[in-house]
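Here's a quick walk through a structure, written for someone who would rather look than read tables. Keep the viewer open as you go.

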Amino acid sequence: MSPSARWTRPVAIAAGLFGLMTIVSGGLVLFGPPEAQAAAGHAVRFVVVFNFAAGFAYLAGAWALFVRHPAARGIALAIGLATLAVFAAFIETA
């Protein structure tokens with residue numbers, strides 16, 4: 001087994017779990033009961049929406065990494081660039 005093969009599957013599993021947690025937590029804030037929305041405090045809505053949507057991208061990237069699909073690199077790059085764009089937008093609104 002090559003060195004890269006040793007780390008890709010555990011990282012893919014971790015990314016998949018992170019994606020699931022992101023979808024669940026973002027979904028609760030966006031669509032959950034009032035108690036869940038209140039627990040989020042004064043969250044910035046567009047950031048929560050982005051994180052919720054990004055959770056699905058994390059799952060796609062995790063799957064691609066797990067099966068060693070070449071799209072994994074592009075998905076990771078897209079997630080990173082989108083995160084930077086949202087960060088920049090957040091800074092502008094703060």
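## Where to start

In which helix is phenylalanine 66 found? Look in helix H3. Bear in mind throughout that this is a predicted model. Phenylalanine 66 counts as partly exposed because its relative accessibility is 32%, and partly exposed covers the range between under 20% (buried) and over 50% (exposed).

## The overall layout

Zooming out, the chain has 4 helices and 0 strands, so there's no sheet to hunt for, going by how strands are assigned here. Reading from the N terminus, the order is simply α-α-α-α. The C-alpha trace spans about 50 × 30 × 15 Å along its principal axes.

Of the 94 residues in the chain, 27% are buried. The accessible surface comes to about 6300 Å², and carbon and sulfur atoms account for 75% of that. As for contacts, take those between residues at least 6 apart in sequence: 62% of them join residues at least 24 apart.

## A nonpolar patch on the surface

Back to phenylalanine 66, which has company. Together with Ile13, Leu17, Phe18, Leu20, Met21, Trp63 and Val67, Phe66 forms a nonpolar patch on the surface. The accessible area of the patch adds up to about 800 Å². Two elements, H1 and helix H3 (45-66), give two or more residues each to this patch. H1 gives the most, with 5 residues.

## The largest pocket

What's the volume of the largest pocket? About 180 Å³. Its lining is made of Val11, Ala15, Phe18, Tyr58, Gly61, Ala62, Leu65, Ala72, Ile75, Ala76 and Ile79. Three helices are involved here, with H1, H3 and H4 each supplying at least two lining residues. Phe18 is worth a click, since this residue belongs to the nonpolar patch and also lines the largest pocket.

## A buried threonine

Now for threonine 22, which sits in helix H1 (residues 3-31). Is threonine 22 buried or exposed? It counts as buried, because its relative accessible area is 10% and the cut-off for buried is under 20%.

Leaving aside residues up to four places away in sequence, threonine 22 touches Gly27, Asn51, Phe52, Gly55 and Tyr58. Tyr58 turns up again among the residues that line the largest pocket.

## An arginine in the loop

Finally, head for arginine 68, in the loop between H3 and helix H4 (71-93). Its phi is near 55°, a positive value in a residue other than glycine. Arginine 68 has a relative accessible area of 42%, so it's classed as partly exposed.

Which residues does arginine 68 touch, not counting those up to four places away in sequence? They are Ala5, Thr8 and Arg9. There's also a pairing to check with arginine 6: arginine 68 is 62 residues away from it in sequence, yet the two are 12 Å apart in space, C-alpha to C-alpha.

Notes:
Residues are numbered from 1 along each chain as its sequence is written. This is a predicted model: local features need pLDDT of at least 70, side-chain atom pairs count only at pLDDT 80 or more; totals for chains, interfaces and linings use all residues. Side-chain values use heavy atoms; hydrogens and water are left out. Buried means under 20% relative accessible area, exposed over 50%, partly exposed in between (1.4 Å probe, protein chains only). Contact means heavy atoms within 4.5 Å. Accessible areas come from the Shrake-Rupley method with a 1.4 Å probe; for residues, only the protein chains shown count as cover. Patches are made of residues with over 30% relative accessible area and no salt bridge: like charges are joined within 9 Å, nonpolar side chains (Val, Leu, Ile, Met, Phe, Trp, Tyr) within 5 Å. A salt bridge is a side-chain nitrogen of Lys or Arg within 4 Å of a carboxyl oxygen of Asp or Glu. On a 1 Å grid over the protein atoms alone, a cavity is a set of points where a 1.4 Å probe fits but cannot get out, and a pocket is an open set with protein on both sides within 12 Å along at least five of seven lines; lining residues have an atom within 4 Å of a point. Grid points are joined across faces, edges and corners, and a volume is the space filled by probe spheres set on the points.
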